[in-house]
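Student: I should like to learn how the features of a protein model are read. Could we take them in turn?

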Amino acid sequence: MSAMEHFICVQCGTQFSETVNPPLHCPICEDERQFVRHGGQEWTTLNRLAVDHRNRFEEEAPRLLGIGTEPEFAIGQRALLVQSPAGNLLWDCITLLDDKTIAGIDEHGGIRGIAISHPHYYTTMIEWAERFDARIFLHADDRQWVMRKSPRIELWEGTTLPLWDDLTLIHCGGHFEGGTVLHLPSVSRGRGSKGALLTGDIVQVVQDRRYVSFMRSYPNLIPLGATAVNRILETIEPFSFDQIYGAWWKANVVSNAKAAVARSAERYLRAIGADRRSVRRSEM
Ligand SMILES: [Zn+2]
Ligand SMILES: [Zn+2]
């Protein structure tokens with residue numbers, strides 16, 4: 001008799017429900033926002049991945065701990081552990097979870113909840129939630145992309161979801177229908193912090209870190225339309241923030257981030273021949 005396994009797609013890092021044989025397809029990679037690797041669909045498991053990969057911890061800011069896999073695996077994002085008095089929130093997720101990672105996170109106070117910007121970072125969220133006894137907050141508009149179901153997943157609807165300690169999930173859409181960013185009221189990066197946005201690649205911090213951008217598909221270079229970009233701008237407008245922490249190591253806008261978003265959106269919309277719709281304050 002063959003054992004059941006939770007197979008993991010090598011290209012996007014997503015773990016699937018238990019099966020005897022690997023699934024035939026990865027719907028996330030077959031979607032136009034990702035791609036199937038040149039050599040065809042490949043699968044691994046958490047145990048196999050742990051043989052030649054490890055996770056690195058590094059603070060991106062005080063009480064904002066980055067966790068990323070080396071050598072890089074799948075899409076290559078790093079997660080962020082938001083250390084907060086009423087409980088830590090893991091923002092976005094990565095596939096590899098091993099004993100060293102568990103010990104390191106326990107030292108930092110464990111995980112109360114997991115929130116994920118979009119399906120490309122769902123990875124092994126159920127493994128993390130089970131190990132740390134955490135809830136998972138996903139926007140309901142991306143429910144079709146959940147490849148391993150679990151009662152730990154809480155699908156939320158609407159524009160914002162307040163968590164604890166004034167942490168707020170904001171539904172922006174864009175890159176994915178359920179695209180979500182996280183607002184932190186402050187990051188202890190010096191005096192007078194106005195807060196921060198953790199954006200995954202819903203608002204993508206680009207190489208020139210005074211700028212961000214917006215795409216429907218990053219690997220396939222499909223731009224995001226003006227309506228979707230304007231919607232992102234409008235949903236984050238009521239929130240004050242100085243910094244943006246993107247999806248990759250050091251992909252952060254460390255000051256005047258709100259102005260950076262405005263400047264970037266203007267440049268982007270000009271490039272696709274569209275205008276920024278004026279945001280009427282009375283609507284907020
Ligand atoms: Zn995949
Ligand atoms: Zn993505």
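**Reading helix 4 and its surroundings**

Tutor: In helix 4, the residues Met 125, Ile 126, Trp 128, Ala 129 and Phe 132 are buried. Buried means under 20% relative accessible area, exposed over 50%, and partly exposed in between, with a 1.4 Å probe and protein chains only. Helices (H or I, at least four residues) and strands (E, at least two) are DSSP runs, numbered from the N terminus.

Student: Why do these buried residues lie on the same side of helix 4?

Tutor: An α-helix has 3.6 residues a turn, so residues three or four places apart point the same way. Here the buried residues cover an arc of only 160° around the axis, which puts them on the same side of helix 4. The arc is that of the directions from the helix axis to the C-beta atoms.

Student: Against which elements do the buried residues of helix 4 pack?

Tutor: Their partners are strand 6 (89–91), helix 3 (99–107), strand 7, strand 8 (135–139) and strand 9 (153–156). Contact means heavy atoms within 4.5 Å.

Student: On what basis are such statements made?

Tutor: This is a predicted model, in which local features need pLDDT of at least 70 and side-chain atom pairs count only at pLDDT 80 or more, while totals for chains, interfaces and linings use all residues. Residues are numbered from 1 along each chain as its sequence is written, chains are lettered from A and ligands numbered from 1 in the order in which they are written, and side-chain values use heavy atoms, with hydrogens and water left out.

Student: How is a metal site read, and which residues are the protein donors of the zinc ion (ligand 1)?

Tutor: Donors are N, O and S atoms within 2.8 Å of the metal (3.2 Å for Na, K and Ca); water is not among the atoms, so sites may look incomplete. For the zinc ion (ligand 1), the SG atoms of Cys 9, Cys 12, Cys 26 and Cys 29 serve as protein donors, lying 2.3 Å from the ion. Their spacing in sequence is C-x2-C-x13-C-x2-C. Within this set, Cys 12 and Cys 29 link distant parts of the chain, 17 residues apart: Cys 12 is in the loop between strand 1 (8–9) and helix 1 (27–30), and Cys 29 is in helix 1. Cys 12 is buried, at a relative accessible area of 1%, as are Cys 29 at 2% and Cys 26 at 0%.

Student: What geometry does the site of the zinc ion (ligand 1) have?

Tutor: Four donors count as tetrahedral if all angles lie between 85 and 135 degrees. The angles among the four donor atoms of this site are 102 to 117°, and the site is tetrahedral.

Student: How many disulfides does the structure hold?

Tutor: A disulfide is a covalent bond between the sulfur atoms of two cysteines. The criterion is a pair of cysteine sulfur atoms within 2.5 Å, and the structure holds zero disulfides.

Student: Which residues are the protein donors of the zinc ion (ligand 2)?

Tutor: They are His 118 (NE2), His 120 (ND1) and His 175 (NE2), at 2.1 to 2.2 Å from the ion. In sequence these donor residues follow the spacing H-x1-H-x54-H. His 120 and His 175 link distant parts of the chain, 55 residues apart: His 120 is in the loop between strand 7 (113–115) and helix 4 (125–132), and His 175 is in the loop between strand 11 (168–171) and strand 12 (180–184). Both His 120 and His 175 are buried.

Student: How should backbone exceptions be read?

Tutor: Most residues other than glycine have a negative phi, and most peptide bonds are trans. Just after helix 4, Asp 133 takes a positive phi of about 55°. Asp 165, in the loop between strand 10 (160–162) and strand 11, has a positive phi near 50° and is partly exposed, with a relative accessible area of 30%. Leu 221, in the loop between strand 16 (215–217) and strand 17 (222–223), also has a positive phi near 50°; Leu 221 counts as exposed at 63% relative accessibility. The peptide bond from Glu 70 to Pro 71 is cis, with omega near -15°.

Student: What radius of gyration does the protein have?

Tutor: The radius of gyration is taken over C-alpha atoms, and the globule rule is 2.2 Å times the number of residues to the power 0.38. With 284 residues, a compact globule would have a value near 19 Å; the protein has 18 Å, which agrees. Buried residues make up 55% of the 284 residues.

Terms used. Four donors count as tetrahedral if all angles lie between 85 and 135 degrees; four count as square planar and six as octahedral if opposite donors are over 155 degrees apart and all others between 65 and 115; anything else is irregular.
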